[in-house]
Each structure stands twice: as structure tokens, then as C-alpha cells.
Amino acid sequence: MPDDAVLRSAMPLAAARPAAPLSGAITVPGDKSISHRALMLGALAVGRTEIRGLLEGEDVLATAAALRAMGADITRQADGHWQVDGVGLGGLAEPANVIDLGNSGTAARLLLGILATHPFTAFVSGDASLRSRPMRRVIDPLSRFGAHFLCREGGRLPLAVTGAADPVPQIYRLPVPSAQVKSAVLLAGLNTPGETTVIEPQPTRDHTERMLGHFGARVRIDPDSDGGRRITVEGYPELIAAPITVPGDPSSAAFPLVAALIVPGSDVTIANVGLNPTRAGLIASLREMGADITLQKQRTEGGEPVADLHVRAGSLKGADIPPERAPSMIDEYPILAVAAACAKGRTVMRGLAELRVKESDRLAAIATGLAACGVRVDVQGDDLIVEGSGNFPAGGARVATQLDHRIAMAFLVLGLAANQPVAIDDSRPIATSFPDFVPLMNRLGAQFTQEG
Ligand code: S3P
């Protein structure tokens, strides 16, 4: 759809403080990061991969369509149950048309990693948000393998990539803590002779490493001399189809979780939430703020730690969230800032430079939205400072979601604890990661209504 048509068909939505507490038990959709990777590795493996619990959000559907366009046979069997008949490593074929990855940075960066060592030319684009995001962070390391890129100024999409016919393995130190960049390099290393190593100074989500091992690749993790980790993948592994069970997405669970904390009297259970330690920063932060969150039925499913979260509302206090925690909760700052707005005292969230290059400039979007809702907020360098009064925020604002699903959901949750309703100008971006967010929240007792 052209950008002006997108704006014309926006779907505003408003959230008001509910008359009664939120209560009930829910499950959230499958993990977005794991869902993308399951489709990609399934497509590169030999045999049929059965995936259960796949997130059927627009981002993941874009990955499925892209892999289909390059020859993988991907079919939906039932809700969340998908089958992928892989083409085998190196077996993807040139796509006949531009690959449109919609809003998904993960799809774009990880697929560019795969494409970098497939010797054909592909054209990649996305929506206005994705076309504004930096791709240089993957173009640089992937060019070293021998891939050629032609892109817009600033390393933006649309771009063309011609994969290397004789790729050269790499040792690459991540200049930014990014699981997408790490994964792009490791995926390029699969169809490359020898060993490819990524050095990450700070741990980022490790789903790619875990899943590569699950499909039979040889992956080694060694400590780096300066405290980080060296992740090495051996080239040309025999990737064998393997069943995947996708846990609930902790980044989606974050929204009902914080809603239950800030609507007085609430008592909510969120079942089957992934608790990979590289993703668990939000729970640690909320507990430091005094949140009552209990982990029940802790278990391992499909190689990932999982638990049910039991959440009870209570008063929160401000906290100082250190920069080294950012990679383990990088997608959770919009909703943490909402919790901070309802807490008593100052919350300082440090080291958030990466928030500027997400689906929107989230640092600016959070600050602008909170200020419009009457919350005292400041951005100092890369730090976000929220002064919570301990009372309900004023609300009464209309927030621009800027094609950003997490900004949309975070401000709807704020509306549940504000004195005046909070509206968002467009709820459609929510479908990228959490298609049933609105009905699911309304089932818990939220009041999200179409505006107008
Ligand atoms: C993701 C990594 C993170 C995260 C994104 C998903 C992934 O991005 O924000 O939503 O699946 O690897 P960065 O790698 O840019 O930090």
C-alpha cells in the first residue's frame, strides 16, 4: 500500500481505566525471534521441520513468504502448527520479485545473512519504518564474506544483494550489542567453508546459537579475553530437520504483565512464557521496583526455559536500571517506562542508544507520549528518566504510534491506569507481533475501544 493510503486507513483505538481489576489466565503468542529462526533454519535444513506455537504475526508471515519465494515449501497445518520442507543448505533459489519484509528488522537482517552466501541477486524492501532503519550494521560484516550490496544512502532499504560465490569465513567483533547482527553473520557462516566467529562483548539473545545446535550444526561458545563471548559456527554443516516448540514471547507477555501490575487489585496468570536468561531483564527490573511476580511450573521446553507468570497488582517504586541490562530487555523499555510512570519516585533507564533505531525512534516516542500524558520525563544523552508520582498519570492524550507495535501497546496499557483515556492514532501495527492483543486484553477486563 502507498504510504498516504496507509495513513488514510489508520485505525485509532482508546484505552480507559477499567471499572474492575484485571483477572484471569491467558497465553501469549509464540516468540517472534524464535519463530523467524525456526522458519529460516527449517528452510535451510534437509527434511520436514514441524513447528508448533509459531507466531502468526505479520513479521513472521513476511519471513515465511520470503522463504517460499526462494523455494522452501512452507505450509500452515493448524493454529500455530506449520511444516517447513527445507531445500538444504545453499539450496535457496533466486526470488522472482522484490522481497517485501514489511515492518520486520529481524526478517531483513537475518535473511540478508543467509542471502550473503547464496550466489544470486535478491532485492529487499519493507515498509516506511523498515526502510528508515540502518542496514549498514549487517552490510559491513556480510560484505567481508564477499557479498555485494547496492543500497540507498545511509545503508537503507530497498537494497540489492548478490551473495558470494566463494565466501571467505570471518571473525567479527560486534560494534553494537545486536542479536540480529550476530545472527546474520552466523547464518552467512553456514554456507561458507571453515569457521566463522562472532565476538559479542555483551550477551544478546542466543536463540540462533541454540537452534543451530538443535538442527545439528556445530556451534562452540568460548569466553573472550575481555569478558565477552566468542560464538563459532563450522561451515557446511548437515542441517537436519528438527521439531520446534515455540514458547510464549516474553516481549509480548510484558504488556499484560505490566497492565496487571498497575491496575489496582489485578491478579493475572500468563502461561508458558519463555524465560531465556538473555531475555529476562524486564522481570528483574520490575522486581527491583517492588513488583509481585511469581514464576510457576518452571520447566524446559524445546530447549528454552519456560514458566507461568503469576502477577498481582501493587505499588511500585522507582529504580535505576543499569546499561548492561539493556540487551536482555531491549524491546521492553516502552512498557517499563509505563510502569515507571505509575511508580513512586524516579526511574532511570540507562544506555538506550539502540532504542533510537527500532521500529521508531523509541526514545523520542516514549518521552513524547509520556509527556503528553502528563508524566514528568526527560532524555539525558542515552538515558531515559521518568519521575513517577505514585498516583495515576493524567492521560487524556492521543499518541502517534509511528508504525511501532510496542509503542502502540505500551500506551494502551498506560490508558488502563490513567485518569483520562489514552488513544493511539493507529492500532494496526500491533498485528506485527501480537495479532490478538486487543481481544485478549479485553478478556482480562481491559477497556480498549474503537475511537470515534
Ligand atoms: C531481535 C533482536 C533485537 C530485538 C528485536 C529482535 C532478534 O534487535 O530488538 O526485536 O530476534 O534477534 P537488535 O539485534 O537490533 O538488538
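Domain bounds here come from an automatic or database domain assignment. I began with the two domains around the ligand. Domain 1 (4–30 + 247–450) and domain 2 (32–239) both contribute residues to the ligand's shell, so the ligand lies between them.

I noted the ground rules next. The model is predicted, so I note that local features need pLDDT of at least 70 and side-chain atom pairs count only at pLDDT 80 or more, while totals for chains, interfaces and linings use all residues. Residues are numbered from 1 along each chain as its sequence is written, and side-chain values use heavy atoms, with hydrogens and water left out.

Entry on the shell. I looked up the residues around the ligand, that is, those with a heavy atom within 4 Å of it. Among them are S33, T106, P177, Q180, R205, I330, D331 and K358. I sorted the shell into 3 nonpolar, 4 polar and 4 charged residues; Ala, Val, Leu, Ile, Met, Phe, Trp, Tyr, Cys and Pro count as nonpolar, Asp, Glu, Lys and Arg as charged, and the others, Gly among them, as polar. Helices α2 (32–44) and α7 (179–190) each supply at least two shell residues; helices (H or I, at least four residues) and strands (E, at least two) are DSSP runs, numbered from the N terminus.

Entry on polar contacts, meaning pairs of N or O atoms within 3.5 Å. Which distance did I find for the side chain of S178? One of its N or O atoms is 2.6 Å from a ligand oxygen. For R37, a polar side-chain atom lies 2.7 Å from an oxygen of the ligand. A179 uses a backbone N or O atom, 3.0 Å from a ligand oxygen.

Entry on the backbone. I found a cis peptide bond between L157 and P158, with omega about -5 degrees. P158 belongs to strand β9 (residues 156–162).

Methods: Polar contact = N/O pair within 3.5 Å; in protein donor to acceptor, adjacent residues only side chain to side chain.
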